[in-house]
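The following exercises introduce a protein chain to a reader who has not met it before. Each task is followed by a solution that proceeds step by step.

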Amino acid sequence: MARPSQELAELANHFEVNEMQPAPEPVRSYTREQYELSLSFHNMTHALQDKNSELLYQSQHDPLTGLANRNLLKKYLQEKINKQESFIFALLDLNDFKDVNDHWSHAHGDELLQHVANRLIDAMSKKGLVSRIGGDEFAIVFNADVTKEKAESLVELLRGRLKQSYQVIQDTLSIDCCCGLSCYPQDAKNRSDLMKCADLAMYAAKKENNTTFQWYQPQMRADLNERVELTHILGEAIKKNEFIIHYQPIIDVNNYSIQGFEALVRWQHLTKGVIPPGQFIPLAENSGQIIPLGELILDSVCKDISLWNQQVGTSVPIAVNLSVRQFDDPDLAKKIEETISRYKIVPGNVEFEITESLFAENSFQIQDADSTH
């Protein structure tokens, strides 16, 4: 009489120990009640197994594209590393994807991502794992038999496929991409460092116009460390005003007369010496410190104009560069007006030059403005 209860207890123990793995058949008991209890318990385990499988799939796949997500990617990478396999890892980022969401809609962006995912799967043709790890960023783990030369060919193929136009919600869109590649175990000994190496390579590819991909190089990490250090001390440098202004004359080639000057900023660091703007301006833009830096530069220029007016009565205009990020400041015009008024100079003595990157990074807004004027 006790045997069916013992078998049911064993079934419950199997359910706990084996974490919802397939359970034994229902217990054959001496009474109908015991058998029905066993059958109900057995059906419950199968229902929970199905639900658990569904939850596991959802935890490892991107709901929008159906690709592997970051969780599954990490697990897959770790398994290959544990097997000590040599392989190539790639990060792929879509260029200017934010403009799609901003100019059209997030629905356009979502559908575009689905199209991109499908083309990536088709182009890879089972030559590796394709995953979406967030936003417009995808990752590829190439199979062990894919050489560096083959990986380069595949990346070029991927870019060619992705650049072909898309039909998205009755609109024709296009998108480009860049890619960073790293090798295990040559570039890194663990999963985290391998992904970081590919990220650094992708960053380098983004800096090079029309460059499809970059392989990781050790110098990239050294450059990163320098950028982090400069960004860290930039704020203090602005507070201490470690910046100097050089004035480059603007010459009229017809009569070789000076028509004005362009203000060029340099960072005079105590130990690193003179740091050119190509190094610190992008860091200031990315960190948001370009706003106080821009105010500091304008203040210095207006102060010099006021001083020259007092000394020699000159009214030659000075051109000041405005960064893309400064246009994100809603108080930009007000701050300019206040600075010019504070030094009591003629507004025409200050000119502003808008960098080409403003138009490149805000092409949709420029087009909209052009279409309405």
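A residue counts as buried when its relative accessible area is under 20%, as exposed when that area is over 50%, and as partly exposed in between. The structure is a predicted model.

**Exercise 1. Describe the chain as a whole.**

Task: State how many helices and strands the chain has, and what share of its residues is buried.

Solution. Step 1: the chain contains 13 helices and 12 strands. Step 2: with the cut-off given above, 38% of its 373 residues count as buried. Step 3: the accessible surface comes to about 21500 Å², and carbon and sulfur atoms hold 50% of it. Step 4: among contacts with a separation of 6 or more, 65% are between residues 24 or more positions apart.

**Exercise 2. Examine helix H6.**

Task: Compare the span expected for helix H6 with the distance between its end C-alpha atoms, and determine where its buried residues lie around the axis.

Solution. Step 1: helix H6 covers residues 148-163, which is 16 residues. Step 2: the expected span is 1.5 Å times one less than the number of residues. Step 3: for H6 this gives 22 Å, and the end C-alpha atoms are 23 Å apart, so the two values agree. Step 4: the buried residues of H6 are Ala151, Leu154, Val155, Leu158, Arg159 and Leu162. Step 5: these residues cover an arc of only 140° around the axis, and therefore lie on the same side of H6. Step 6: the elements covering them include strand S1, helix H5 (106-124) and strands S3 (137-142), S4 (166-168), S6 (177-184) and S7 (213-215).

**Exercise 3. Analyse selected salt bridges.**

Task: For three of the salt bridges, give the distance between the closest N and O atoms and classify each partner as buried, partly exposed or exposed.

Solution. Step 1: the structure holds 10 salt bridges. Step 2: in the pair of Glu85 and Lys80, the closest N and O atoms are 2.7 Å apart. Glu85, at 24% relative accessible area, is partly exposed, whereas Lys80, at 7%, is buried.

Step 3: Lys206 and Asp93 form a salt bridge with a closest N and O distance of 2.8 Å. This pair links distant parts of the chain, with Lys206 in helix H7 (residues 191-207) and Asp93 in strand S1 (residues 87-94), 113 residues apart. Lys206 is partly exposed at 39%, while Asp93 counts as buried because its relative accessibility is 10%.

Step 4: in the salt bridge of Lys272 and Glu229, the closest N and O atoms are 3.4 Å apart. Lys272 lies in the loop between strands S9 (257-269) and S10 (273-275), and Glu229 lies in helix H8 (residues 218-240), so the pair ties together parts that are 43 residues apart in sequence. Lys272 is partly exposed at 37%, and Glu229 is partly exposed at 40%.

**Exercise 4. Place Thr339 in its surroundings.**

Task: Is Thr339 buried or exposed, and which residues does Thr339 touch?

Solution. Step 1: Thr339 is part of helix H11, residues 332-342. Step 2: its relative accessibility is 8%, so Thr339 counts as buried. Step 3: leaving aside residues up to four places away in sequence, Thr339 touches Leu298, Asp299 and Cys302. Step 4: a polar atom of the Thr339 side chain lies 2.9 Å from the backbone oxygen of Lys335. Step 5: Lys335 also belongs to a network of salt bridges with Glu295 and Asp329.

Terms used:
Residues numbered from 1 in each chain as written. Predicted model: local features only at pLDDT ≥ 70, side-chain atom pairs only at ≥ 80, totals over all residues. Heavy atoms only, no water. Helix = DSSP H or I, 4+ residues; strand = E, 2+ residues; numbered from the N terminus. Buried < 20%, exposed > 50% of the residue type's maximum accessible area, 1.4 Å probe, protein only. Polar contact = N/O pair within 3.5 Å; in protein donor to acceptor, adjacent residues only side chain to side chain. Contact = heavy atoms within 4.5 Å. Salt bridge = Lys/Arg side-chain N within 4 Å of Asp/Glu carboxyl O. Arc of directions from axis to C-beta. Areas by Shrake-Rupley, 256 points an atom, 1.4 Å probe, with all protein chains shown as cover.
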